[in-house]
Amino acid sequence: MQTVQVQAPSHSYDIVIGKNILNDFNLFAPHIGKKAAIVTNTTVAQWYLQPLVKLLQNNGIDAFSIILPDGEQHKNHESLNHIYDSLLANHADRKTTLIALGGGVIGDTVGYAAATYQRGVPLIQIPTTLLSQVDSSVGGKTAINHPRGKNMIGAFYQPKLVLADLNTLATLPEREFSAGMAEVIKYALLGDVAFLAWLEQHIAAIMQKDHTLLAQMIAHCCQMKADIVAQDETEQGIRAHLNLGHTFGHAIEAQMGYGNWLHGEAVAAGMVMAAELSQQLGYIGSDEIERVKNIIRAAHLPDTPPKFSEEEWLAHMRHDKKVDEGKMRFITLKNLGAAQIETLPDVNVLKNVLSKFTA
Ligand SMILES: NC(=O)c1ccc[n+]([C@@H]2O[C@H](COP(=O)([O-])OP(=O)(O)OC[C@H]3O[C@@H](n4cnc5c(N)ncnc54)[C@H](O)[C@@H]3O)[C@@H](O)[C@H]2O)c1
Ligand SMILES: O=C(O)C(=O)C[C@@H](O)[C@H](O)[C@H](O)COP(=O)(O)O
Ligand SMILES: [Zn+2]
């Protein structure tokens, strides 16, 4: 079992990473109220809901469950209202703990419900996908989507505890595991070229889910995110580096219809586009682009985005949350392992990149 501490300015908490940790009530005990709502979806409920309900009830917690439909297309107001309705029907008060049991869709939606129900109730994140274990359960970004843009309605709201149990990855479909690898690769590209070399060395065993390597990799990603969040909880500066590939990736998700391209798949193709933008700006060369594409392909992820018209690309990108008083800002790579945020000197640099991916 490993623990990574997130020392966010608003609140410090632990991420516990290990096997069989969801059976251990002692991990929950300091952070849970007398009443708890476990929020999950129809897929995750099949394996992980009842054991958790029993664990909590056997330890005297008044636990009830809320089950949402599965999918990115349900990260919306309807799911949120379903949570609020169930909380009210079950007389949840300000000390009722919300437990998000699932991937990033559940984590983001339940996180936002926790931030807003009665102006804020305690939240525990139990991430059950690779993506949510390395990224979405950590750092306090919570949100639902709007038809016009990803994560448009949300709040920064930190959990009290994150429990990442490696055993849950056993039931995760391969495509979802690969999607999680996109965010792992993101950490290497934005800030740690030695980690990129480590991933290149071990990618075959990682894709075979070697548990020793997985535990090491998940803890490393959580530590990198914790370090960034400790410096910049609300994305005034360096936290934006975690958005590498996302300006393009979020455009792909929204334009394709939420759920058709997985978030990780869109981020993978988006990181190739960000790398090409960095090449256009003269920072990296074709060897580096090939290295980015190779690790993405090795993780069974797409290295090419779908084709949209230039106007479609730009319409989505104008909603990006990094837009600053009307000016788009991008995360580019000065080098592999060295991200930066910048306003482009000339819009034609962007248009040159988009022209390769324009229908
Ligand atoms: N808040 C953040 O910082 C942050 C960071 C990255 C991504 N995100 C968001 O996270 C979402 C993507 O998360 P995701 O990739 O986890 O997708 P997801 O939550 O949709 O989960 C992927 C699929 O796997 C299923 N699943 C979950 N756990 C399982 C398990 N153990 N076994 C079998 N199936 C399981 C889910 O039901 C779903 O069908 C996006 O909405 C993205 O915007 C947020
Ligand atoms: O934690 C962050 O900060 C991130 O940007 C992590 C991203 O992987 C994640 O997809 C996030 O939800 C994107 O945030 P947004 O502000 O662009 O919606
Ligand atoms: Zn992401």
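Start towards the C-terminal end of this predicted model, where strand β10 (residues 329–335) and strand β11 (residues 338–343) run antiparallel and are joined by six bridges. One of the facing pairs is easy to find: Phe330 sits opposite Glu342 in β11. The two strands make a hairpin with two residues between them, and in that turn Gly337 has a positive phi of about 90°.

There's another hairpin to look at earlier in the chain. Strand β7 (residues 141–146) connects to β8 through two residues, and this pair is antiparallel too, with five bridges holding β7 and β8 together. If you want a spot to check the register, Thr142 has Ala155 of β8 as its bridge partner. Keep β8 (149–156) in mind, since it comes back when we get to ligand 1.

Now zoom out. The chain splits into domain 1 (2–171) and domain 2 (174–355), and their centres, taken over C-alpha atoms, are 25 Å apart. Where the two meet, 31 residues of domain 1 and 30 residues of domain 2 take part in the contact. On the domain 1 side, β1, β2, α5 and β8 each put in at least two residues, with β1 giving the largest share, six residues. Sorted by class, that side of domain 1 has 14 nonpolar, 13 polar and four charged residues.

Next, the sheet. Strands in a sheet pair through backbone hydrogen bonds, and they can do it parallel or antiparallel. Here you'll find an open sheet of seven strands with mixed pairing, in the order β1-β2-β9-β6-β5-β3-β4. At its edges are β1 (2–8) and β4 (62–68), each of which pairs on one side only. From one strand to the next, the twist averages 15°. For a parallel pair, look at strand β6 (residues 123–127) and strand β9 (residues 161–165), which share two bridges; Ile124 stands opposite Leu161 of β9 there.

Helices lie across this sheet as well. Helix α3 (residues 77–89) lies across β3 (35–41) and β4, and runs at about 155° to β4. Helix α8 (residues 211–231) lies across β1, β2 (11–18) and β9, at about 15° to β1.

How does this fit with the annotation? In an unreviewed entry, UniProt lists residues 66–178 as "domain: 3-dehydroquinate synthase N-terminal". That span is 34% helix and 29% strand, and its end C-alpha atoms lie 28 Å apart.

On to the ligands. Where does ligand 1 lie? Both domain 1 (2–171) and domain 2 (174–355) give residues to its shell, so ligand 1 lies between them. There are 30 residues around ligand 1, and the ones that come nearest are Gly103, Gly104, Thr129, Ser136 and Thr171. Several elements supply at least two residues each: α2 (42–58), α4 (104–116), α5 (130–136), β8 (149–156), α6 (174–191) and α10 (263–280). By class, the ligand 1 shell has 15 polar, nine charged and six nonpolar residues.

And which residues surround ligand 2? They are Asp135, Gly139, Lys141, Lys150, Asn151, Glu183, Glu235, Arg239, Leu242, Asn243, His246 and Lys321. By class, that makes seven charged, four polar and one nonpolar. The two domains, domain 1 (2–171) and domain 2 (174–355), each give at least three residues to this shell.

Finally, follow the record to one more group of residues. The unreviewed UniProt entry gives Glu183, His246 and His263 the annotation "binding site". They're spread over 81 residues of sequence, yet they cluster in space, with a largest C-alpha distance of 10.3 Å. Among them, His246 is found in helix α9 (residues 246–256). Glu183 and His246 also turn up in the shell around ligand 2, so to speak of that shell is to return to residues the record annotates as "binding site".

Note on methods
Residues are numbered from 1 along each chain as its sequence is written. Chains are lettered from A and ligands numbered from 1 in the order in which they are written. This is a predicted model: local features need pLDDT of at least 70, side-chain atom pairs count only at pLDDT 80 or more; totals for chains, interfaces and linings use all residues. UniProt positions are given in the numbering used here, feature names are shortened, and annotations may be inferred rather than shown by experiment. Helices (H or I, at least four residues) and strands (E, at least two) are DSSP runs, numbered from the N terminus. A residue is near a molecule or strand if its C-beta atom, placed from the backbone, lies within 6 Å of it. Ala, Val, Leu, Ile, Met, Phe, Trp, Tyr, Cys and Pro count as nonpolar, Asp, Glu, Lys and Arg as charged, and the others, Gly among them, as polar. Domain bounds come from an automatic or database domain assignment. Two strands pair if DSSP finds at least two bridges between them. Axes are lines fitted to C-alpha atoms, for helices over the stretch in contact, and angles run from 0 to 180 degrees between N-to-C directions. Two residues are in contact if their C-beta atoms, placed from the backbone, lie within 7 Å.
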